[in-house]
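Biologist: I'd like a close look at a single part of this one, please: the sheet. Could you walk me through how the strands are put together?

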Amino acid sequence: MCSLETYKIDLKGLKEDETVLDFDLCDDFFQSLDGSQLEHGALHVSVSIRKMTGFFELLFHTEGSVTVSCDRCLDDMEQPIDTDNRMMVKLGGTYSDDDDTVTIDENEGILDLSWFIYEFIMLAIPIKHVHAPGKCNSAMTQKLEELSGAVRSGEEEAEAIDPRWEALLKLKK
């Protein structure tokens with residue numbers, strides 16, 4: 001299991017105006033997160049933290065790939081990830097992430113980046129993920145074609161009209 005302590009940043013302890021942190025994520029990262037929908041992936045995350053008056057600006061650059069299941073054939077597929085994200089953080093009374101700015105407890109000053117990184121990765125995955133044409137599991141594709149409504153509804157079913165609609169068509173004429 002991966003220790004998520006690595007992703008906790010002491011913002012009050014940052015000495016320089018700009019700090020760059022690099023993280024390499026693997027399967028252990030996703031398995032360590034409670035509620036993670038992803039299980040496999042290999043990504044590199046670079047986080048640039050810039051101190052500003054009263055705020056911290058965090059710029060995330062994530063690239064690599066994760067394994068998701070294909071919506072069509074349900075086989076695993078590699079989904080490339082290449083995303084840039086920005087987050088503003090300020091120190092305040094209590095933790096809050098309700099608006100565009102995340103507020104962390106001023107007394108503690110610790111920001112856990114693990115869940116934010118995970119959310120940025122999830123947002124980079126397209127809603128529909130399917131293999132490239134011809135790359136889906138052929139057995140599953142064949143079964144889908146057999147069971148699809150277009151194949152089952154032969155010409156005779158297409159020609160037959162519900163009697164209620166047929167009566168309406170007569171009224172139309």
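Modeller: Let's settle one term before we start: two strands pair if DSSP finds at least two bridges between them. Also keep in mind that this is a predicted model.

With that in hand, here's the layout. The sheet is an open one, with five strands in the order 2-3-4-5-6, and its pairing is mixed. Strand 2 (18-25) and strand 6 sit at the edges with a single partner strand each, so one side of each has no neighbour in the sheet. On average, neighbouring strands here are turned by 25 degrees against each other, if you ignore direction.

Now let's walk across, beginning at the strand 2 edge. Strand 2 pairs with strand 3 (residues 40-52) over eight bridges, in the antiparallel sense. If you want to find this pairing on screen, look for V20, whose bridge partner in strand 3 is S48. L21 is another handle, standing opposite V47 of strand 3.

Next door, strand 3 and strand 4 also run antiparallel, and 13 bridges join them. I49 is a good spot to click on here: its bridge partner in strand 4 is L58. These two strands make a hairpin with two residues between them, and G54 in that turn has a positive phi of about 80 degrees.

Moving on, strand 4 (residues 55-69) is joined to strand 5 by 14 bridges, and the two run antiparallel. V68 marks this pairing, standing opposite M77 in strand 5. Strand 4 and strand 5 form a hairpin as well, with six residues between the strands, and there L74 takes a positive phi near 70 degrees.

Then comes the part that makes the pairing mixed. Strand 5 and strand 6 run parallel, with five bridges joining them. To see where they meet, try G92, whose bridge partner in strand 6 is D105. The loop between strand 5 (76-92) and strand 6 (101-105) is worth a stop too, since you'll find D99 in it. D99 belongs to a negative surface patch, together with D97, D98, D100 and E119.

So what's left at the far side? You end on strand 6, which, like strand 2, stands at an edge with a single partner strand.

Definitions and conventions. Residues numbered from 1 in each chain as written. Predicted model: local features only at pLDDT ≥ 70, side-chain atom pairs only at ≥ 80, totals over all residues. Heavy atoms only, no water. Patch = residues over 30% accessible without salt bridge, like charges linked within 9 Å, V, L, I, M, F, W, Y side chains within 5 Å. Areas by Shrake-Rupley, 256 points an atom, 1.4 Å probe, with all protein chains shown as cover. Salt bridge = Lys/Arg side-chain N within 4 Å of Asp/Glu carboxyl O. Lys, Arg positive; Asp, Glu negative; His and termini not counted. Charge placed at Lys NZ, Arg CZ, Asp CG, Glu CD. Helix = DSSP H or I, 4+ residues; strand = E, 2+ residues; numbered from the N terminus. Axes fitted to C-alpha atoms, helices over the stretch in contact; angles between N-to-C directions.
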